[in-house]
Amino acid sequence: IVIPSTSFSAKQLLVSNEQALAYYQNNKEGFVQPEQVSVEYIKLSLANGKNDKTFVENRDKLANLSYMHPDSLDKAAKALNLPIQSSGFFSRAGGKNLLANPKIIDAAFTQDILQGNNSPVIDLNADTSIVLRIKQHKMAMIQPFSEVKEQILGVLQKKLATEKTQLIGEKLLAQLKANGSFSDSKKINNLNWQIINHTQHDSDKVQPVILNAVFNLSLSKKTGSTSVTGFSLPNGDYVLIKLIAVHDGTSENLATQQKAVYRKALA
């Protein structure tokens, strides 16, 4: 049985502003916004240059003008009749589309460019070249509480849901160990046993963490000894497991080579 942590309503997961603020103050290192830049750039492509020769000539012109006027892209843009485009903010981890290109990221965060100079010509491929400069630069900083409040509320609500789910699971596990069953599970969460027969170590029908727990159980004739277990899953759900039967393996039909492999693994 898997008890989902998502079964609680918003009213059951109320978190106060005071709790959220306390979490923020105790975990500020987790809300550091990395250094970010936005750039403006001129993009020259073969489509702009009409043919290979014109493209090469325009690339040279772009390189010369952006070098001769390192504090602006205006001269190069006017001479080549190309627009100066702008990007949003991105960190050293990069952004989307053009801003995911390692050449763009490396150039934007070099010291010379951060100090306000134009970049050299960056050849993205044989048909596209770019010159960029920093538009805005944000140093690494701790994000204000107002910006991360909703994120914190989500974290705390998830934690609360996990705790509530665990309490329900542990209560049912205690009943399961004491009685071999429980009668009020349907009233609590409308839970039903999922029966899985003849499951092997390499089954893909069961989560690995559950499968490992099953194979660490041993069957006992005593009700509620080591044939049941329960624990929280990484996603906050709680799982209850009851071992019904163990079907021993046999080596009768194994080929000699397979037996040798198993012997080596067991050793």
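1. Among the contacts in the protein chain that join residues at least 6 apart in sequence, 64% are between residues at least 24 apart. The model is a predicted one, and the points below should be read with that in mind. As for secondary structure, the protein chain holds ten helices and nine strands. Its radius of gyration is 31 Å, well over the 18 Å that the globule rule gives for 267 residues, so the chain is more spread out than a compact globule.

2. The overall extent can also be given as a box: taken along the principal axes, the C-alpha atoms of the protein chain fill roughly 90 × 65 × 30 Å. Of the 267 residues, 34% count as buried. The surface that the protein chain exposes comes to about 17,300 Å², and carbon and sulfur atoms supply 50% of that area. With regard to charge, there are 30 positive and 23 negative side chains in the protein chain, and the centres of these two sets lie 8 Å apart.

3. Which residues touch the most other members of the largest nonpolar core? They are Val37, Val39, Phe90, Ile104 and Leu132, in a core that has 17 residues. At least two residues of this core are supplied by each of β3 (36–45), α5 (102–108), α6 (111–114), β5 (122–125) and β6 (128–138). The largest share, four residues, comes from α5. Apart from this core lies another, of 14 residues, and among its members are Ile1, Ile168, Leu173 and Tyr238.

4. Phe90 deserves a separate look, given its place in the list of core residues above. When residues up to four places away in sequence are not counted, Phe90 touches Glu35, Gln36, Val37, Val39, Gly95, Leu99, Ile105, Ala108 and Phe109. Two of these partners, Val37 and Val39, are also named with Phe90 among the residues that touch the most other members of the largest nonpolar core.

5. Ile134 lies in strand β6 and is buried, with a relative accessible area of 13%, because that value is under the 20% cut-off. Setting aside residues up to four places away in sequence, Ile134 touches Val37, Ser38, Val39, Ala108, Ile113 and Leu114. A long separation involving this residue is also on hand: the C-alpha atoms of Ile134 and Val261, which are 127 residues apart along the chain, are separated by 61 Å.

6. Is Ile42, which is found in strand β3, buried or exposed? At 0% relative accessibility, Ile42 counts as buried. Leaving aside neighbours within four places in sequence, Ile42 is in contact with Leu62, Leu73, Ala76, Ala77, Leu82, Pro83, Ile84, Ser129, Ile130 and Val131. One of these partners, Ile130, is 88 residues away from Ile42 along the chain, and the C-alpha atoms of the two are separated by 5.6 Å.

7. Pro34 is found in the loop between β2 (32–33) and β3, and with a relative accessible area of 41% Pro34 is partly exposed. Once neighbours within four places in sequence are left aside, Pro34 is in contact with Ser91 and Ala140. The C-alpha atoms of Pro34 and Met139 are separated by 7.2 Å, although the two residues are 105 residues apart along the chain.

8. The loop between β4 and α5 contains Ala93, which is exposed, with a relative accessible area of 73%. The C-alpha atoms of Ala93 and Lys259 are 50 Å from each other, and the residues are 166 apart along the chain. Asn97 is found in the loop between β4 and α5 as well, and at 74% relative accessibility Asn97 counts as exposed.

9. Backbone geometry merits a check at two asparagines. Asn97 has a positive phi of about 55° although it is not a glycine. Asn81, another residue other than glycine, has a positive phi near 55°. Asn81 lies in the loop between α4 (74–80) and β4 (85–86), and at 70% relative accessibility Asn81 counts as exposed, because exposed means over 50%.

Terms used. Residues are numbered from 1 along each chain as its sequence is written. This is a predicted model: local features need pLDDT of at least 70, side-chain atom pairs count only at pLDDT 80 or more; totals for chains, interfaces and linings use all residues. Side-chain values use heavy atoms; hydrogens and water are left out. The radius of gyration is taken over C-alpha atoms; the globule rule is 2.2 Å times the number of residues to the power 0.38. Buried means under 20% relative accessible area, exposed over 50%, partly exposed in between (1.4 Å probe, protein chains only). Contact means heavy atoms within 4.5 Å. Accessible areas come from the Shrake-Rupley method with a 1.4 Å probe; for residues, only the protein chains shown count as cover. Lys and Arg count as positive and Asp and Glu as negative; His and the chain ends are not counted. The place of a charge is taken as NZ of Lys, CZ of Arg, CG of Asp or CD of Glu. A nonpolar core is a set of buried Ala, Val, Leu, Ile, Met, Phe, Trp, Tyr and Cys residues joined through side-chain atoms within 4.5 Å.
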